[in-house]
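Subject: Structure handover

Dear colleague,

I am passing on the structure that we spoke about, together with some notes on what turned up in it. Please keep it open while you read.

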Amino acid sequence: MFLRLILLCSTLILLAFPAPALAQSNPTPAPCRLPVNGIIVESVTYTLISDCTQTDSLEIKTAQTPSVTLTINGGGHTIFGGTGRSGSGLNFLVVDDDGENTVQNVDNTPSPNVKVIIKNVTFDGNNALFFRPFIRQSNGQDKRAGIGSGILTEGTLEMENVTFTRSNGISLTVKGTASLTNVLFENNLVKSSAISESVKGGLHVTSTGRVTVNNAVFRDNQRSVVVVEKGGRLKTTGCLSFVRSFTHNVHHSGLWGGLGTWSDSSTGPCSGSIGNGGQAVVPHSLTTLDCGLPADGTIGEDAVYTLTQDCVCVNTVTLATGVKVTINANDHRIVGCEGGSSFRIGGFAEFTINRARISGIRMKIYGGAMTLADSELTDASSTPILNYGYFHADNTIFERNRRSTSSKHGSVYYATNLFNAGRALFRDNIFRDNTGGPAELTAVGPGTSIILCGDNVRDDPPPEEGANTPTPVWLPLFMTRDGGALLGCESPDSEANHPVPQPGGGGGCRPEQSNLPPNKNLGAIGYACHVKKSPASIEIWEISPDNQGSFALSVSQSEIEAKAEGPVACSRTGRAAVRVGLTDAVRQQIMRNRNYRDPSLRGGRDILISLGPTSEGKVHHYVIDTVLDGDVLGTVDTFSNSPPCPYSGPAPIYAAKPTPTPAQIYAPPVIAQPPQADGSIVHVVREGDTVWTIGVAYGVHPHALIALNELPERGSYIIPGQELLIRPAE
């Protein structure tokens, strides 16, 4: 009995004082001496003795471990990334995350006391796509959270002699302070581009990141190589090499105000060893066709190719960031391969093709500039020109091309402001038998522009004799959506040489004297351009027969809003006009455009800009939706020997000439001539005089002069030397 009481008391004592919890410890290392995954909870140094393969991430959670130092001495070895759940995951190392309630991490506290030191190692992502952690859903299911990183760190990071290769996603994200010395980023891919707040880079500096890079090579990396978020700071010192980057080297505030700062104090390209046993300079060659053009691959240096024979089966050729490449084709063919081919032009690269017959190849311009001159671009099965940069087509035939699957793409050309650009100039081109799309040329987004110079004509072939062809659908030459059309020819955005615009470059609407010869048909007799101010306004300039430019009129959005249906402003020569609503002739044509909707159906109204006539008696009209910097709904040409002004309606409103005005004078002012002996006044017409300017000089209404002198076409045409009766004899 006594023994039973002792046993019972012993049991009660054990229940009252439970056993202490087991202490947390770091995960057990693999044979290579690095854990394959797990949570680091105390300071530790791992020294590798062989290559390693991770099955998932190593993590440091600062809520559990407020102060820890992790050191990895790679010994020259490689750590291969694991695949994790569902074939992908956060590879290598994570120090906290964005504070999302994820399976891996629920902590959102800063990590100032966490330090990571990594030396002499290669991180090989195996081309497996990095994802961010899995989010635990309310239904108990897990969901991936988007693009991830090979390594993500808060706190302090020190790296030396480290290589990142074959990353599919962000190689390194820095949310704290990092010092990177002698690093190599090679053959990595980030499926993220554009210049925006959401863009991701191979080396990604967050808004709280402060990164110094001393001696670095970035080689053969695709899309966004380095990105600095707004608020983040990147400093580069020592040697620095960007080799065959695409699309841009560094996304920073010099490219777009929504990004962070990059301070570059580097001394020049690297040489010798770099990273974990790599070389800063390695041999690079391209497989070339018999014609001399590369068959595939990335052109990383300036080059000029002069063809002596046709090129057949050009696959995908990429121009690296900043290179200049010219192809002088000498009327030879450049033909794509079956299944799709393209030229890809990286940021700030310049690509020129002269006298080529191009077939089955797409041009994709990712922030660079391309000029296509005296050539043919035919038989592309999908929109052949995708422009996210700057494009110039001169005296080229676009024939038998089809739009891509997107309803926004034109049959020949599509642009958007992916890289804060998307601008094009088309001068004296022919469009023939292109199909699909809302127009042959389309542009989407603020800042995009389609500039038409000279004669851009549609020359569809006539139907074969006896063929039963349906009634053709009228298709506008170009169409813009979501605003951003710049209309006209000789503006700073449309220089003949089409240089690559640099960040922060200027714009404006002041015309330069045209370089066209005197007998060249200018197409439109002037141009209209948007002025970047609020409220929106538009300026119209005229080009005289001797190619001099003069200011015509300026119209603000407030003037448009204050005007009911009818004319808003006319130039003094009558050759430029802005009105609310459409003339009957324009309305009859624009209604045939399947993309045009009546204002009553879209809750807006039409604004009509008219320029002309040309020497051929053609007046160009641009129909804009609601606001001056809004969508261009279409273009219409009418044929008339009369300019669009004056209207036979309310007296036009003349806009005041803006100041200052550096524009050239279109014609000298009219000088009133004195009365003759009988009291009559006769004016001898001089070059540049118009009925309107003559009427102003003598204080006589122009309509009275037209009636008194029985002038045809409402006084639109008067001849130098012609005598006009201003006042009859007394």
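In what sense do strand β48 (residues 576–580) and β49 pair, and over how many bridges? Please bear in mind that this is a predicted model. The two strands pair in the antiparallel sense, and five bridges link them; in one of these pairings, Val 578 has Ile 609 as its bridge partner in β49. On to β50 (residues 618–625): this strand also runs antiparallel to β49, to which it is joined by six bridges, and there Asp 606 stands opposite Asp 625. Strand β49 itself, which spans residues 606–611, is mostly covered, with six of its six residues buried. That cover reaches both faces, since Asp 606, Leu 608 and Ser 610 are buried on one side, as are Ile 607, Ile 609 and Leu 611 on the other.

A second arrangement worth your attention is an open sheet of seven strands, paired in parallel, which follow the order β23-β26-β29-β32-β35-β38-β41. At its edges are β23 (303–306) and β41 (449–453), each of which pairs on one side only, and on average neighbouring strands of the sheet are turned by 10° against each other, with direction ignored. Strand β38 (residues 423–427) runs parallel to β41 and is joined to it by five bridges, including one where Ala 424 has Ile 450 as its partner in β41.

As for the interior, the largest nonpolar core holds 46 residues, and Ile 118 and Leu 180 are the ones with the most contacts inside it. Strand β7 (residues 114–124) gives this core its largest share, namely five residues. Setting aside neighbours within four places in sequence, Leu 180 is in contact with Leu 157, Met 159, Leu 172, Leu 203, Val 211, Thr 212, Val 213 and Asn 214. Another core, of 44 residues, lies apart from the largest one and has Met 370, Leu 377, Ala 415 and Ala 424 among its members.

Finally, a word on Glu 399, which is found in strand β36 (residues 397–399). Glu 399 counts as buried because its relative accessibility is 16%, and the cut-off for buried is under 20%. Its side chain is joined to that of Arg 400 by a polar contact of 3.3 Å. If residues up to four places away in sequence are not counted, Glu 399 touches Leu 377, Thr 378, Asp 379, Arg 432 and Asn 434; of these, Leu 377 is also listed in the core of 44 residues.

With best wishes

Conventions
Residues numbered from 1 in each chain as written. Predicted model: local features only at pLDDT ≥ 70, side-chain atom pairs only at ≥ 80, totals over all residues. Heavy atoms only, no water. Helix = DSSP H or I, 4+ residues; strand = E, 2+ residues; numbered from the N terminus. Buried < 20%, exposed > 50% of the residue type's maximum accessible area, 1.4 Å probe, protein only. Polar contact = N/O pair within 3.5 Å; in protein donor to acceptor, adjacent residues only side chain to side chain. Contact = heavy atoms within 4.5 Å. Core = buried A, V, L, I, M, F, W, Y, C linked by side-chain atoms within 4.5 Å. Pairing = 2+ DSSP bridges. Axes fitted to C-alpha atoms, helices over the stretch in contact; angles between N-to-C directions.
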